[in-house]
Amino acid sequence: GAGVGEGGEGAEEGETEHVFPEGVQLRRVLASLAFTLTLIAAVAIGALFTMVYKIVLRNTYGQYGNYLGSAINVFFISLIDLVWAKLALILNDWEMYRTDSQWFNALVYKTFLFRFLNKNITPFYIAFVQGLELELFGYGVRDSCPNEDCLRALSDYLLVAVVISEVSRNLITLIPIFLDWLKAQMLLRKRAQAAAEAAKQGGELDTEAVAVAVAPPSAADLLLEAVEAELLRTEYPGTFNEMLELSIQLGYVTMFAVGFPIAPFFVLLANMVERKTDALKTLHMRRPRYRGATGIGSWQSVLEFLVAFSVVTNMLILFFSSKWLRDFLAATLPARYVLLVVVIVEHLLFLLKLGISVYLPDTPAWVFRAQARQALTMKGTSESAIHEKTLELRARIQQMRSTSIAMPDERDKLLA
């Protein structure tokens, strides 16, 4: 049960504040983490089953079967993501966080952890495991990269995953807008039928009422009150899912840049389309409540993790999934030195990244100049307003003084 404390943060002095015991909350968080990891393991097994089916399709239909198997795998992962989106909210509420910021941060890390592993299990398998030709599930099914080229297999899968993910994301954005339009159409049809029935019951057809009732969909907001029209629209979903999808998108672009270098092109096209769909969503959905923020919060840590982790994944993919480079290193260096070369190059890239982050400021110089100019303008405006207010007060005081001095003279005139 909840504990009781006197005062404390968030409570006025002398008031009693109910708090959830930290030990109980910690046990709930650990249990939630264990459940999440167990579910991730189950999803990984399910993804392997789809990979087995992909082998069957590839052996039957060749390269087209490879694309079809990849599409089935992507749809399976997307279905699991939809289920997890509901479970994550239930688990987050069950963990009983004290503040909104703690609740939001936990949801960000929990959702990203699951989505990151769920989306990238298959690419990691293709890049680092498929080339080992392991026997899957003990049924004599051995998986291997086509033509011993795991980079090509990785590129084929990422092509399907990126295209399906981006297209489906934009379509899902338009579905609520279409449903709202359909709802408005049904409402107008009901109004037209009601007007026609009322006119028939009155003995004659009120053509003017019917004409108004069957007005085009763009007139729906004119027929309804503004608040009612706003209420009938779908609620704006917020930016959480947008940031989550952008994080996964960044992972596809950066972590597998060696295996799929054309990914930024597809992502750029998808984002150009999404700018329009997001604008439609903002205009045609229920107006969101304004919430201020000083930054992107926990998403900053997520993006920094992806950038750092991408250095590791690209180096490993380059040295262990590229048949040409692997053969070249095997003929040039002893096997025990290959990993050492990977580590050295990886650290050099980390040093380069660190140097760039230190050399390039987080805020450009023109932003600093604009902020300083704005601050000076606001300061000058406030000082001018204060000066004008002071002069106005002085004038009023002087007027009051002159009025009080003139009052006895006026009184004497009246008495005379």
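Okay, let's start with threonine 111 and what it touches. Leaving aside residues up to four places away in sequence, threonine 111 is in contact with Trp84, Ala88, Phe240 and Leu244. Threonine 111 itself sits in helix α3. Is it buried or exposed? With a relative accessible area of 4%, threonine 111 is buried, since the cut-off for that is under 20%. And keep in mind that what you're looking at is a predicted model.

Just a step back for the overall picture. The protein has 13 helices and four strands. There are 416 residues, and 30% of them count as buried. The exposed area comes to about 27,200 Å², with carbon and sulfur atoms supplying 65% of it. Now take the contacts between residues at least 6 apart in sequence: 72% of those join residues at least 24 apart.

Right, back to helix α3, and on to the aromatics. How many aromatic pairs does a search of the whole structure find? The search turns up 14. Here's one to look at: phenylalanine 124 with phenylalanine 256. Their ring centres are 5.6 Å apart and the planes are at 50°, so we call the pair tilted. Phenylalanine 124 is in α3, residues 100-128, while phenylalanine 256 is in the loop between α8 and α9, so this pair ties together parts that are 132 residues apart in sequence. Both phenylalanine 124 and phenylalanine 256 are buried.

Phenylalanine 124 has another partner too, phenylalanine 309. In that pair the centres are 6.3 Å apart and the planes are at 80°, so it's edge-to-face. Phenylalanine 309 lies in helix α10, residues 299-320, so its pairing with phenylalanine 124 of helix α3 links parts that are 185 residues apart in sequence. And how accessible is phenylalanine 309? At 26% relative accessibility, phenylalanine 309 counts as partly exposed. If you zoom out a bit, you'll see one aromatic cluster formed by Phe112, Phe116, Phe124, Phe128, Phe256, Phe305 and Phe309.

Next, have a look at α9. It has 22 residues, which at 1.5 Å a residue should span 32 Å. The C-alpha atoms at its ends are 31 Å apart, and that agrees. Which residues of α9 are buried? Those are Ala263, Val267, Ala270, Glu274, Thr277 and Lys281.

Over to helix α4, residues 150-201, where you'll find phenylalanine 178. Phenylalanine 178 is partly exposed, at 47% relative accessibility. It helps make a nonpolar surface patch of about 700 Å², together with Ile172, Ile175, Leu179, Trp181, Leu182 and Met186. Serine 168 is in helix α4 as well, and with a relative accessible area of 30% serine 168 is partly exposed. Here's something to find on the screen: serine 168 and serine 78 are 90 residues apart in sequence, yet C-alpha to C-alpha they're 9.8 Å apart in space.

One last stop, methionine 96. You'll find methionine 96 in the loop between α2 and α3. Its phi is near 60°, which is a positive value in a residue other than glycine. As for its surroundings, methionine 96 is partly exposed, with a relative accessible area of 39%.

So, if you remember one thing from this tour, let it be phenylalanine 124: paired with phenylalanine 256 in a tilted arrangement, and with phenylalanine 309 in an edge-to-face one. Okay, over to you.

Methods
Residues numbered from 1 in each chain as written. Predicted model: local features only at pLDDT ≥ 70, side-chain atom pairs only at ≥ 80, totals over all residues. Heavy atoms only, no water. Patch = residues over 30% accessible without salt bridge, like charges linked within 9 Å, V, L, I, M, F, W, Y side chains within 5 Å. Areas by Shrake-Rupley, 256 points an atom, 1.4 Å probe, with all protein chains shown as cover. Salt bridge = Lys/Arg side-chain N within 4 Å of Asp/Glu carboxyl O. Helix = DSSP H or I, 4+ residues; strand = E, 2+ residues; numbered from the N terminus. Buried < 20%, exposed > 50% of the residue type's maximum accessible area, 1.4 Å probe, protein only. Phe/Tyr/Trp six-rings, centres within 6.5 Å; stacked < 30°, edge-to-face > 60°. Contact = heavy atoms within 4.5 Å. Expected span 1.5 Å × (residues − 1).
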